[in-house]
Amino acid sequence: MFRMKMLFLSSLLLAGLFITSCSSSEDPQSSGESFVSLKVQTDADFQSRIVDESGYSDLNNYTVQLLKDGEVQADWVWKYTDIPSSIKVSAGNYQLKAFCGEDSPASTKSMYVEGVSETLNVTGAEEGIQTLSVVCKPVCAKLIVTFAEDMGTYFSDYSVTIKTQALGEETFVWGKNDTDPVYLKVNDKESVSIKINLVKLSDGTSSEIDKVYELSPKQAMTLKLAPVVTQDEGQLGITINIDETTNDHEMDITVPGEWK
């Protein structure tokens, strides 16, 4: 009788272990796992009537990544159209990142648009599907430099040197024959250094004009340079015309030195 009771208790114990094993394999919460859905939006419109960057509003052009503890996971990188409706993840800290364009301090090829979500802590005890959301925005300003056609009448060479915090010790040089816009990675209301380099045609003497302009992400500015001969002793100067949105601001800058 005693032996039969022991066999009965052993059978109950084995059945309990079997049920527990099945439960842990089917319930993601018991193994520290949960489900996360991913949501991506864009806000890529520039604050300027002169800029058309509509292609960056198309989510199909974006790459999406799910980061765990700050690291990109090889299996969690998708084109926007391939994002799964939800994904099973283990316990940890997660961020959603989406981007489009070239991530560079200064680029003439493309604008860089990026979004990184707040950190979501997954413990495995959550019920339902948690959502990671991100809004992608430009992290750069757009700068265009134009030279008047008669610059070559007075200068053998001319260029603009641009310096931002993101460039560090490097600079971006806009040459006299350049025409493509440059997208500059900047902070909000960053002071951007602009140096106008001029070489006088008549005697080869060179001069520089240093200016500082405030630029923020999503902002566009056109810097228009043209020579001007002042009536006062016929000195040679440069007119700088700035077009940020709908307003033009003109400044006459006299080139240092005897430029008669």
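Trainee: How do you know that β2 and β3 pair?
Mentor: Count the bridges. This is a predicted model, and in it β2 and β3 share five bridges in the antiparallel sense. Two bridges are enough to call a pair, so β2 and β3 qualify. One bridge links Leu67 to Val72 in β3.

Trainee: What makes β2 and β3 a hairpin?
Mentor: β2 covers residues 63-68 and β3 covers 71-79. Two residues lie between the two strands. Asp69 sits in that turn.

Trainee: What makes the phi of Asp69 stand out?
Mentor: The sign. Phi of Asp69 is positive, about 50 degrees, although the residue is not a glycine. Most residues other than glycine have a negative phi.

Trainee: Why is Asp69 called partly exposed?
Mentor: Its relative accessible area is 48%. Buried needs under 20% and exposed needs over 50%, so a value in between is partly exposed.

Trainee: Which other residue shows a positive phi without being a glycine?
Mentor: Lys189, with phi near 55 degrees. Lys189 lies in the loop between β13 and β14.

Trainee: Why does Lys189 get its exposure class?
Mentor: Lys189 has a relative accessible area of 55%. The cut-off for exposed is over 50%, so Lys189 is exposed.

Trainee: Back to β2. What makes it mostly covered?
Mentor: Five of its six residues are buried. β2 also has a partner in β5, residues 92-100. Six bridges join β2 to β5, and the two run antiparallel. Gln65 has Lys97 as its bridge partner in β5.

Trainee: How do you know which strands β1 pairs with?
Mentor: Bridges again. β1 covers residues 33-42 and makes four bridges with β4, residues 87-90, in the antiparallel sense. Eight bridges join β1 to β9, residues 129-138, and these two run parallel. Both counts reach the minimum of two, so both are pairs. Val36 appears in both: its bridge partner is Ile87 in β4 and Gln130 in β9.

Trainee: Why is Ser107 called buried?
Mentor: Ser107 has 3% relative accessibility. Buried means under 20%, so Ser107 is buried. The residue belongs to strand β6, residues 106-107.

Trainee: What makes up the surroundings of Ser107, apart from neighbours within four places in sequence?
Mentor: Ser107 contacts Glu102, Pro181, Val182 and Tyr183. Val182 is 75 residues away along the chain, yet the two C-alpha atoms are separated by 5.5 Å.

Trainee: Why is Pro181 put in a class other than buried?
Mentor: Pro181 has 21% relative accessibility. Under 20% would be buried, so Pro181 counts as partly exposed. Pro181 sits in the loop between β12 and β13. Beyond its neighbours within four places in sequence, its contacts include Ser107, Lys142 and Trp174. Pro181 and Lys142 are 39 residues apart in sequence, but 6.6 Å apart in space, C-alpha to C-alpha.

Trainee: How do you know how many cavities of 30 Å³ or more there are?
Mentor: The count comes to one. About 30 Å³ of space lies in the largest cavity. Ser107 is one of its lining residues, and others include Glu102, Tyr112, Cys140 and Lys185.

Trainee: What makes up that lining by class?
Mentor: Four nonpolar, three polar and two charged residues. Tyr and Cys count as nonpolar, so Tyr112 and Cys140 fall in that class. Glu and Lys count as charged, so Glu102 and Lys185 fall there.

Trainee: What makes Val160, Ile162 and Leu225 worth picking out in the largest nonpolar core?
Mentor: They touch the most other members of that core, which has 30 residues. Strands that each supply at least two of its residues include β10, β11, β14 and β17. A second, separate core has 26 residues, among them Leu66, Ile83, Cys100 and Val113.

Trainee: Which residues does Ile162 contact, leaving aside neighbours within four places in sequence?
Mentor: Among them are Leu143, Phe172, Val182, Leu184 and Ile194.

Trainee: What makes up the chain as a whole?
Mentor: Two helices and 18 strands. Of its 260 residues, 40% are buried. Take contacts between residues at least 6 apart in sequence: 61% join residues at least 24 apart.

Notes. Residues are numbered from 1 along each chain as its sequence is written. This is a predicted model: local features need pLDDT of at least 70, side-chain atom pairs count only at pLDDT 80 or more; totals for chains, interfaces and linings use all residues. Side-chain values use heavy atoms; hydrogens and water are left out. On a 1 Å grid over the protein atoms alone, a cavity is a set of points where a 1.4 Å probe fits but cannot get out, and a pocket is an open set with protein on both sides within 12 Å along at least five of seven lines; lining residues have an atom within 4 Å of a point. Grid points are joined across faces, edges and corners, and a volume is the space filled by probe spheres set on the points. A nonpolar core is a set of buried Ala, Val, Leu, Ile, Met, Phe, Trp, Tyr and Cys residues joined through side-chain atoms within 4.5 Å. Buried means under 20% relative accessible area, exposed over 50%, partly exposed in between (1.4 Å probe, protein chains only). Contact means heavy atoms within 4.5 Å.
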